[in-house]
Amino acid sequence: MHSGKVEFQPTRARGDRYHVPKRRDAVQNHEKLLAAARVVIAERGIDAPLEEIARRADVGIATLYRNFASRDELVQALFERSMDEVDALVSEIGGDESAWDSVVNFMDRLGMWLLADPAMPTIVTRIGIIDPERRPAMRFTGAMTGIVEQAKADGDLRDDVTSIDIVLLATMLGSIGRYGSEYVAQWRRQLDIVLDGLRPEGAPRRPLAAGPVDLDSYHRMLRRSPASS
């Protein structure tokens, strides 16, 4: 009777010595490649050299191709990993004191997630080319539709705002991460301004979280080349 236990057959190496495949090393290499790819794509764009990704991961290019047969396969792996993170984020939204608080929490969490992974917008764009049938935004809008409708019913959100508006605004603001960590503080200020715009007429204004960008800093931001450009 088969025990169900998987047994690895030893393979013959040079000198007629046997060894067991180093599965732990393979898993580590896979994870290092994904981490390096996120960084390199954020810096150099979706068409960054695969050799550079392998170098940053401290593996050979052959190891990269053993894990990912093509650039698109690597991009798909990055996308799926990110969607796992999105599912975890969305599952935690909705337990706030009010629907409006949940809207604020969602925009804050989604924006911060994008700030931490500035490669994500270009990855999503490439996924749309690889697989046009994908609808990643549905992960957000499906969870937010009821919350948005409740916030409107409570009088805390403009009547003409939709869940897609909320996702688009958070994504837009999170994209500031492409300009580097020096400008991440501006995310909070811009979020506060957007949240005021989402409120119905007569709602109290939020104090802005940070001071404005000075002209020199703004020019440096414009000269920096985001990965998606």
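# Exercises on a ten-helix model

The buried residues of helix H2 pack against three partners: helix H1 (23-44), helix H3 (61-67) and helix H4 (71-91). Buried means under 20% relative accessible area, exposed over 50%, and partly exposed in between (1.4 Å probe, protein chains only). Packing is judged by contact, that is, heavy atoms within 4.5 Å. The model is predicted, with local features needing pLDDT of at least 70 and side-chain atom pairs pLDDT 80 or more, while totals for chains, interfaces and linings use all residues. Residues are numbered from 1 along each chain as its sequence is written, and side-chain values use heavy atoms, without hydrogens and water.

## Exercise 1. The overall layout

Describe the order of the elements in the protein and how much of the protein is buried.

Step 1. Count the elements: the protein has ten helices and two strands. Both kinds are DSSP runs numbered from the N terminus, helices being H or I with at least four residues and strands E with at least two.

Step 2. Put them in order: from the N terminus, the run is β-β-α-α-α-α-α-α-α-α-α-α.

Step 3. Turn to burial and surface. Of the 229 residues, 37% count as buried. The exposed area is about 13600 Å², and carbon and sulfur atoms supply 52% of it. Areas come from the Shrake-Rupley method with a 1.4 Å probe.

Step 4. Look at contacts along the chain: of those between residues at least 6 apart in sequence, 65% join residues at least 24 apart.

## Exercise 2. Helix H2 and the annotated span

Which residues does UniProt list for the "DNA-binding region", and which residues of H2 are buried?

Step 1. The unreviewed UniProt entry lists residues 49-68 under that name; such annotations may be inferred rather than shown by experiment.

Step 2. In the model, residues 49-68 are 75% helix and 0% strand, and the C-alpha atoms at the two ends lie 14 Å apart.

Step 3. Helix H2 covers residues 50-57, with Leu50, Glu52, Ile53, Ala54 and Ala57 buried.

Step 4. Follow the chain past H2. Aspartate 58, just after the helix, takes a positive phi of about 65°, although aspartate 58 is not a glycine. It lies in the loop between H2 and H3 and counts as exposed because its relative accessibility is 66%.

Step 5. Check a neighbour in H1. Arginine 38 belongs to helix H1, and its C-alpha is separated by 8.9 Å from that of isoleucine 53, 15 residues away along the chain. At 21% relative accessibility, arginine 38 is partly exposed. Beyond four places in sequence, arginine 38 is in contact with Leu78, Arg81, Ser82, Glu85, Asp117 and Ala119.

## Exercise 3. Helix H9 and its partners

Against which helices do the buried residues of H9 pack?

Step 1. Set the length. Helix H9 (residues 186-198) has 13 residues and spans 19 Å between its first and last C-alpha, close to the expected 18 Å. That expectation is 1.5 Å times one less than the number of residues.

Step 2. List the buried residues: Gln186, Trp187, Arg189, Leu191, Asp192, Val194, Leu195, Asp196 and Leu198.

Step 3. Name the partners: helix H5 (99-116) and helix H8 (163-174).

Step 4. Inspect the H5 side. Aspartate 108 lies in H5 and is buried at 17% relative accessibility. Apart from neighbours within four places, aspartate 108 is in contact with Trp187, Arg188 and Leu191.

Step 5. Inspect the H8 side. Glycine 174 lies in H8 and is buried at 2% relative accessibility. Its C-alpha is 7.0 Å from that of tryptophan 187, 13 residues away in sequence. With neighbours within four places left aside, glycine 174 is in contact with Gly111, Leu114, Leu115 and Trp187.

Step 6. For contrast with the buried list, glutamine 190 is also in H9 but is partly exposed, with a relative accessible area of 29%.

## Exercise 4. Rings

How many aromatic pairs does a search of the whole structure find, and which residue lies over the face of tryptophan 100?

Step 1. The search finds zero aromatic pairs. A pair needs ring centres of Phe, Tyr or Trp (six-membered ring) within 6.5 Å; planes under 30 degrees apart are stacked, over 60 edge-to-face, the rest tilted.

Step 2. Arginine 199 lies over the face of tryptophan 100, 4.6 Å from the ring centre. The criterion is NZ of Lys or CZ of Arg within 6 Å of the centre and within 35 degrees of the ring normal.
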